[in-house]
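I opened this notebook to record what I looked up, one entry at a time. The structure comes before the notes.

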Amino acid sequence: MPAPFCPPPPCQPIYCPPQAFPAQYDPPLVSPGQQYVKTNLFNKVVQHIHPSHTTTVNKLHVNHQHYFPHTESCVNECCETHTMCGAPVNPCCPPGPFGF
């Protein structure tokens with residue numbers, strides 16, 4: 001009696017190890033630069049004391065600046081005011097007998 005016919009087992013795929021190729025880089029995409037205007041206002045008081053005593057006050061202001069990759073430009077502006085805090089006294093001309 002001949003051997004019974006048996007179909008071959010289902011064909012199983014044989015997997016090869018993966019091949020890793022070098023990374024490919026496209027040119028960088030750079031967005032247009034965003035412009036920011038940052039205004040720093042520095043108030044400065046200059047005391048004009050005539051003619052007696054001058055007190056100099058030295059103040060330290062620590063400005064913590066946080067930078068991000070960008071370019072900056074600077075505009076310097078100056079504004080001054082003069083405040084008269086009284087009238088000058090002339091010690092050479094004492095007041096007259098009636099107070100003037």
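Entry one, surface. I am working from a predicted model. I looked up the accessible surface of the protein, and it comes to about 12,100 Å². Carbon and sulfur atoms account for 61% of that surface.

Entry two, burial. I asked what share of the 100 residues is buried. The answer I found is 0%.

Entry three, secondary structure. I looked for helices and strands in the protein and noted 0 helices and 0 strands.

Entry four, disulfides. I reminded myself that a disulfide is a covalent bond between the sulfur atoms of two cysteines. I then looked up how many the model has, and the count comes to 0 disulfides. C78 is in no disulfide, and the nearest cysteine sulfur, that of C79, lies 7.2 Å away. Why does the sulfur of C79 make no bond with that of C78? The two sulfurs are 7.2 Å apart, which is too far for a bond, because a disulfide needs the pair within 2.5 Å.

Entry five, the cysteines again. Are they buried or exposed? C78 has 70% relative accessibility, so I put it down as exposed. C79 has 73% relative accessibility, so C79 is also exposed. The cut-off I used for exposed is over 50%.

Key:
Residues numbered from 1 in each chain as written. Predicted model: local features only at pLDDT ≥ 70, side-chain atom pairs only at ≥ 80, totals over all residues. Heavy atoms only, no water. Helix = DSSP H or I, 4+ residues; strand = E, 2+ residues; numbered from the N terminus. Buried < 20%, exposed > 50% of the residue type's maximum accessible area, 1.4 Å probe, protein only. Areas by Shrake-Rupley, 256 points an atom, 1.4 Å probe, with all protein chains shown as cover.
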